[in-house]
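Grab a pencil and work through these exercises with the structure open beside you. Try each task before you read its solution.

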Amino acid sequence: MLGAMQDWDLVVTHLIDHAAREHGPREHVTHWADGTETRATWASVRSDALKMVQALQALGIRKGDRVATLAMNHSRHLVSWYGAVGAGGVLHTINPRLFDDQLEYIANHAEDRVLLYDAAFQPIVDKMREKWTTIEHYVCYDPPAGFAGLGFEDWIGAYDGDTSWVAVDERDPCMLCYTSGTTGHPKGVLYEHRSTMLHAMAGVQPNSFDFDARSVMLPVVPMFHAASWGLPWAGAITGVKFVYSAVNDPAVLCELLEREGVTHSAGVPTVWLAMFQHCDATGTPLPKLQQAIIGGSAAPRFMIERLMKNGSRVAHAWGMTETSPIGTVGAPTPDWDSLSFEEQVEIVTRQGRPVFGVELRTVDLDDWTKELPRDGKTAGALQIRGPWIIKRYFKADEDAVTADGWFDTGDVGILHPDGTLQLTDRTKDVIKSGGEWISSVELENAACGHPKVAEAAAIGIPHPKWDERPVLFVVKKAGQDVTADEIMEHLTPLVAKWWLPDAVEFVDEIPHTATGKISKKDLRARFGDYRLEA
Ligand code: ADP
């Protein structure tokens with residue numbers, strides 16, 4: 001027997017229909033690279049997306065075709081998210097910070113047919129055009145005066161929007177995002193309408209982004225990275241006002257936060273750091289937010305403290321491209337109000353709790369069949385499952401999950417009895433010494449607490465007796481001098497004695513990936529012949 005309720009497929013065009021109908025006049029602001037500003041509304045985003053459907057169809061785009069973007073955050077990009085999927089296409093957001101060989105690989109691998117891009121990325125387009133073998137049409141979002149090609153507003157402006165969304169099934173794909181690929185080629189994650197809808201519905205919850213009709217969100221997280229944490233979809237549910245900046249200048253961001261009455265913002269830790277530096281250097285007060293969402297890398301304690309002292313709720317979130325990306329988000333625990341400020345900060349330094357829809361488990365790093373207790377002590381390989389978690393990479397032959405359906409995240413973490421997740425490392429980076437595991441991340445965090453240290457990275461170096469021992473690479477703050485002994489003295493009270501690095505080496509810089517994370521792979525390659533004595 002089947003139930004007797006209506007058919008209403010979980011397709012993402014419902015989101016924009018709802019937003020235009022229920023929150024139509026709610027506006028969005030875009031601060032463009034040239035300093036000009038434009039305003040749009042949920043209603044205009046929908047009507048422009050419908051025009052874009054017609055424009056794509058005129059180019060021959062059909063269901064399942066990939067429509068790529070190479071763009072910062074702005075309302076035309078938002079239109080394109082809904083326009084591409086509304087045409088039955090698959091939106092592929094390309095990260096302009098990828099290296100040339102990665103840019104070449106992913107657009108060809110995705111078989112993108114159309115590319116919509118910002119004028120600021122014209123040099124990338126010019127450089128890659130010959131190498132991109134499947135892209136037939138190029139459209140520029142903000143064409144400069146005298147531009148010879150196709151400009152976005154002219155392109156969609158030739159149509160009346162009098163059409164409907166292309167019919168799709170809820171299990172059809174709607175979006176494709178590639179991981180930056182710390183090993184080998186980037187890998188594509190193909191989201192479907194259903195997974196995206198469920199993820200969006202989880203995103204607005206009080207325990208997640210905490211959106212309502214009054215929310216004003218300035219997403220610093222780029223629309224090209226990790227599906228922009230699903231914000232363009234989730235925001236439509238409650239009619240969030242988006243404040244976009246196509247430039248990542250902290251002065252512009254701070255001004256917009258104040259002027260537009262922003263209540264929510266989301267970004268990686270370096271974004272918040274840049275904002276702090278700007279405020280300190282100029283004497284500008286740090287804008288107070290209802291909720292500051294930090295994810296992508298671990299939020300340092302001093303950052304959490306400063307934002308909380310400033311009256312903002314801090315939601316520390318964890319996820320990855322493979323998880324759509326929301327996995328866990330920090331939110332107040334039941335005993336929150338009875339905790340001291342320090343205790344609250346301690347909880348927020350952890351990566352939050354799973355949102356409804358995902359399940360987490362940790363397994364023993366030495367025996368991956370053994371599930372670990374949620375005791376707040378034991379670190380293990382973090383695995384996840386749920387309706388918006390990857391099953392198989394785009395075009396891969398095999399599933400990316402265990403026989404019992406869990407995706408291995410490559411992260412190492414501790415699950416606490418209150419449900420919070422504490423990430424301690426990556427499985428590839430955790431250091432095995434004498435049969436015990438040392439967290440490279442905890443060593444780095446401890447080292448970064450030294451006032452003269454700008455950045456630190458720990459890797460395991462082969463050791464004749466202990467298998468591996470940690471070596472710490474340190475970049476000094478500009479104009480500061482510090483010795484290896486001083487670093488060791490600083491670390492001694494902070495970590496277990498056997499975690500102390502066998503050597504501290506000073507370097508001018510630490511290699512980073514295209515998304516700004518420390519590249520341990522490159523660091524290991526650079527110090528491949530480093531040896532430690534027994
Ligand atoms: P990319 O490698 O392209 O940057 P992702 O954005 O998908 O890909 O990166 C996901 C990884 O980022 C996670 O597996 C985890 O290692 C790290 N990460 C994400 N959020 C956090 C966080 N809050 N704390 C620590 N690490 C995080």
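**Exercise 1: a sheet**

Strands 19 (residues 407-415) and 20 are antiparallel partners, joined over five bridges. Keep in mind that you're looking at a predicted model.

Task: find out which strands stand at the edges of the sheet.

Solution, step by step:

- Start with the strand order, which is 17-18-19-20 in an open sheet of four strands with antiparallel pairing.
- Now go to the edges: strand 17 (359-363) and strand 20 each have a single partner strand, so one side of each has no neighbour in the sheet.
- Then check the twist, which averages 45° from one strand to the next.
- Finally, zoom in on one bridge: Asp411 has Arg426 of strand 20 as its bridge partner.

**Exercise 2: the ligand's surroundings**

Task: work out how many residues surround the ligand, and which are the closest.

Solution, step by step:

- Count the shell: 18 residues surround the ligand, and the closest are Ala317, Thr321, Asp411, Arg426 and Lys517. You've already met two of these names, since Asp411 and Arg426 are bridge partners.
- Sort the shell by class, and you get five nonpolar, 10 polar and three charged residues.
- Look for polar contacts. A backbone N or O atom of Thr321 sits 2.6 Å from an oxygen atom of the ligand. For Ala298, a polar backbone atom is 3.1 Å from a nitrogen atom of the ligand. His225 uses its side chain instead, with a polar atom 3.2 Å from a ligand oxygen atom.
- See how much gets covered: the ligand taken alone exposes 580 Å², and the protein buries 89% of that.
- Ask which elements give two or more residues to the shell: they are strand 14 (313-319) and strand 20 (421-426). Strand 14 gives the most, with four residues.
- Step back to the domains: domain 1 (13-247) and domain 2 (359-426) each supply at least three residues to the shell.

**Exercise 3: two backbone oddities**

Task: find where Pro325 lies and where Ser228 lies, then look at the backbone there.

Solution, step by step:

- Recall the usual pattern: most residues other than glycine have a negative phi, and most peptide bonds are trans.
- Head for the loop between strand 14 and strand 15 (326-329), where you'll find Pro325. The peptide bond from Ser324 to Pro325 is cis, with omega near 10°.
- Next, visit Ser228, in the loop between strand 10 (216-219) and helix 8 (231-238). Ser228 isn't a glycine, yet its phi is positive, near 50°.

Definitions and conventions: Residues are numbered from 1 along each chain as its sequence is written. This is a predicted model: local features need pLDDT of at least 70, side-chain atom pairs count only at pLDDT 80 or more; totals for chains, interfaces and linings use all residues. Side-chain values use heavy atoms; hydrogens and water are left out. A residue is near a molecule or strand if one of its heavy atoms lies within 4 Å of it. A polar contact is a pair of N or O atoms within 3.5 Å; within protein, one must be able to donate a hydrogen and the other to accept it, and residues adjacent in sequence count only if both atoms are side-chain atoms. Accessible areas come from the Shrake-Rupley method with a 1.4 Å probe; for residues, only the protein chains shown count as cover. Ala, Val, Leu, Ile, Met, Phe, Trp, Tyr, Cys and Pro count as nonpolar, Asp, Glu, Lys and Arg as charged, and the others, Gly among them, as polar. Domain bounds come from an automatic or database domain assignment. Two strands pair if DSSP finds at least two bridges between them. Axes are lines fitted to C-alpha atoms, for helices over the stretch in contact, and angles run from 0 to 180 degrees between N-to-C directions.
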